[in-house]
Amino acid sequence: MEEKNLFDDGMGQPLAARLRPESLADYVGQEHLLGKGKVLRRMIENDSLSSMIFWGPPGVGKTTLAQIIAHVTKSAFLNFSAVSSGIREIRKVMEEAERNRSMGIRTVVFVDEIHRFNKAQQDAFLPYVEKGSIILIGATTENPSFEVNSALLSRCKVFVLQPLRMEDLVRMLRRALTDPRGFGGLTVEIDEEMLEAVANFANGDARTALSTLEMAVLNGETRTEKDGKGAVREVVRITREVLEQCTSKKSLLYDKKGEEHYNLISALHKSMRNSDPDAAVYWLARMLEAGEDPLYIARRVTRFASEDIGLADPKALEIAVAAFQACHLIGMPECSVHLTEAVVYLSLAPKSNALYRAYLRASHDARTRLDEPVPLALRNAPTKLMADLEYGKGYQYAHDAEEKLTNMQCLPDSLAGRCYYQPTEEGLEERYKDRLARIKEWKRRHGGR
């Protein structure tokens, strides 16, 4: 007899599929479209549907919303994948929609990844959309201005779906822990901070959030205990270690020559950083004489030029790149002197890690915060749709300004005022520090951020 797993719910579906919302009340996110009085909600509630395109990133509920629309408006729902279907399949689906129509049943045809259809395939929908045989709902992660036929696009209303907010994802995760379709039959111990970590990791994607939670629960520490009434219950505890494993993005190095390979390159890097050209040349020679690939060393030296010197001496990067090119063109043993020139120059150059630290600060925000949309003012609007969505509204062209400066905000609102690059006073970077200070003072006086 096969032993049943604690987590075998008999449904055999991933958590995200089991918890798919069935009504607008359960649907999470997209308040700008589905909030009280918003246009899409009014269309659904008034049963005044027209063909539409849902444009948004993965995991924000495009398919689910289409299913809810069909359910609320009592329409037949045909799910159609652009990945595995051609014109013959389109015609077959359209015939089914025509039969539904003859019986007084409206059909919602949902086309996932509609951007994958070629022009001929998209054109096959046109006559049916025009005469109202179907309500077409296309879903795409790509800009429909470029990926959907203009003829079809002109007959569809485009709705932009946004990544889910962290609070939306946390609310959804809490529901997953209590809903009988989720883990409602278990007692799952996980604190609020860890739920927020899962939400941050998911980056606006509901499917990723639920899949990560499911993985954490399946790998959590389990125990059996009795409740106050003596009934036995299963308890799953999610530890930080388990959660870190479920959200890790591993980047492993293949150490082809063992630990010493990395010890030697570390010694070279730190000798240059400590402005010790003699030690740097020694460690360089150790590696080259041991048969190390000179291009590997040249890549690391080029990295050092920006990480540890940067704008304190911009010429350092030029010399490092020239050494890399020399290694590529002539190889060993001739290129050893070019690497020596670069290593000595970089050792003696003024040091600044301001660029490295600027990227660390920015990457921390990029990794730990939800992806903020690009401000409309900074977006191009080459198509009418994008202009209608106010792409480029408020853009200020700096070259038209007398001082070549404007007060336009270029960071998202949630990051306004963030300071990533903080120049030092080493070498030439002192000039850039003064220049940056003048720019910031000008923007402050002119109402910028």
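User: What share of the contacts in the chain with a separation of 6 or more comes from residues 24 or more positions apart?
Analyst: In this predicted model, residues 24 or more positions apart account for 72% of the contacts in the chain that have a separation of 6 or more.

User: Okay, and is the chain spread out or compact as a whole?
Analyst: The radius of gyration is 29 Å, well over the 22 Å that the globule rule gives for 449 residues, so the chain is more spread out than a compact globule. Taken along the principal axes, the C-alpha atoms fill a box of roughly 85 × 70 × 50 Å, and 41% of the 449 residues count as buried.

User: How many helices and strands are there?
Analyst: The chain has 21 helices and 8 strands. Five of the strands make up an open sheet with parallel pairing, in the order 2-3-4-1-5, and an open sheet of 3 strands has the order 6-8-7, with mixed pairing.

User: Let's take the sheet of 5 strands; which strands stand at its edges?
Analyst: Strand 2 and strand 5 (157-160) stand there, and each has a single partner strand, so one side of each is left without a neighbour in the sheet. On average, and with direction ignored, neighbouring strands of this sheet are turned by 20 degrees against each other.

User: How many bridges join strand 2 to strand 3?
Analyst: These two strands run parallel and are joined by 6 bridges, and one residue pair you can look up is Asn79, whose bridge partner in strand 3 is Phe110. As background, strands of a sheet pair through backbone hydrogen bonds, either parallel or antiparallel.

User: Which helices pack on that sheet?
Analyst: Helix 4 (residues 62-72) is one of them, and it touches strand 1 (52-55), strand 2, strand 3 and strand 4 (135-140), while its direction makes about 150 degrees with that of strand 1. Helix 5 (residues 87-102) also packs on the sheet, where it touches strand 2 and strand 3, and its direction makes about 175 degrees with that of strand 2.

User: You mentioned Phe110; how are the rings of Phe77 and Phe110 arranged?
Analyst: The structure holds 4 aromatic pairs, and this is one of them: the ring centres of Phe77 and Phe110 are 6.2 Å apart and the planes are at 20 degrees, so the pair is stacked. Since Phe77 lies in strand 2 (residues 76-81) and Phe110 in strand 3 (residues 107-112), the pair ties together parts that are 33 residues apart in sequence.

User: Are those two buried or partly exposed?
Analyst: Phe110 counts as buried, at 1% relative accessibility, whereas Phe77 is partly exposed, with a relative accessible area of 26%.

User: Switching topic, which charged residues lie over the face of a ring?
Analyst: Among them are Lys157, which lies over the face of Phe159 at 5.9 Å from the ring centre, and Arg379, which lies over the face of Tyr391 at 4.8 Å from the ring centre.

User: And in the sheet of 3 strands, which are the edge strands?
Analyst: They are strand 6 (187-189) and strand 7 (221-226), each of which pairs on one side only. Neighbouring strands of this sheet are turned by 30 degrees against each other on average, direction ignored. Strand 6 runs parallel to strand 8 (residues 232-237) and is joined to strand 8 by 3 bridges, with Thr187 standing opposite Val235 in strand 8.

User: Where is Leu370, and what does it touch?
Analyst: Leu370 is in the loop between helix 19 (354-368) and helix 20 (384-388). Leaving aside residues up to four places away in sequence, Leu370 touches Leu164, Arg165, Met166, Ala199, Asn200, Asn203 and Gly204. The C-alpha atoms of Leu370 and Glu167 are separated by 11 Å, although these residues are 203 residues apart along the chain.

User: What is the phi of Asn203, since it came up there?
Analyst: Asn203 has a positive phi of about 55 degrees although it is not a glycine. Asn203 is in the loop between helix 11 (192-202) and helix 12 (206-218), and at 29% relative accessibility Asn203 counts as partly exposed. Glu113 has a positive phi too, near 55 degrees, and lies in the loop between strand 3 and helix 6 (119-123).

User: Why mention the sign of phi?
Analyst: Most residues other than glycine have a negative phi, and most peptide bonds are trans. On that second point, the peptide bond from Met332 to Pro333 is cis, with omega near 5 degrees, and Pro333 is in the loop between helix 17 (315-330) and helix 18 (336-348).

Notes. Residues numbered from 1 in each chain as written. Predicted model: local features only at pLDDT ≥ 70, side-chain atom pairs only at ≥ 80, totals over all residues. Heavy atoms only, no water. Phe/Tyr/Trp six-rings, centres within 6.5 Å; stacked < 30°, edge-to-face > 60°. Helix = DSSP H or I, 4+ residues; strand = E, 2+ residues; numbered from the N terminus. Buried < 20%, exposed > 50% of the residue type's maximum accessible area, 1.4 Å probe, protein only. Lys NZ or Arg CZ within 6 Å of the ring centre and 35° of its normal. Pairing = 2+ DSSP bridges. Axes fitted to C-alpha atoms, helices over the stretch in contact; angles between N-to-C directions. Contact = heavy atoms within 4.5 Å. Rg over C-alpha atoms; globule rule 2.2 N^0.38 Å.
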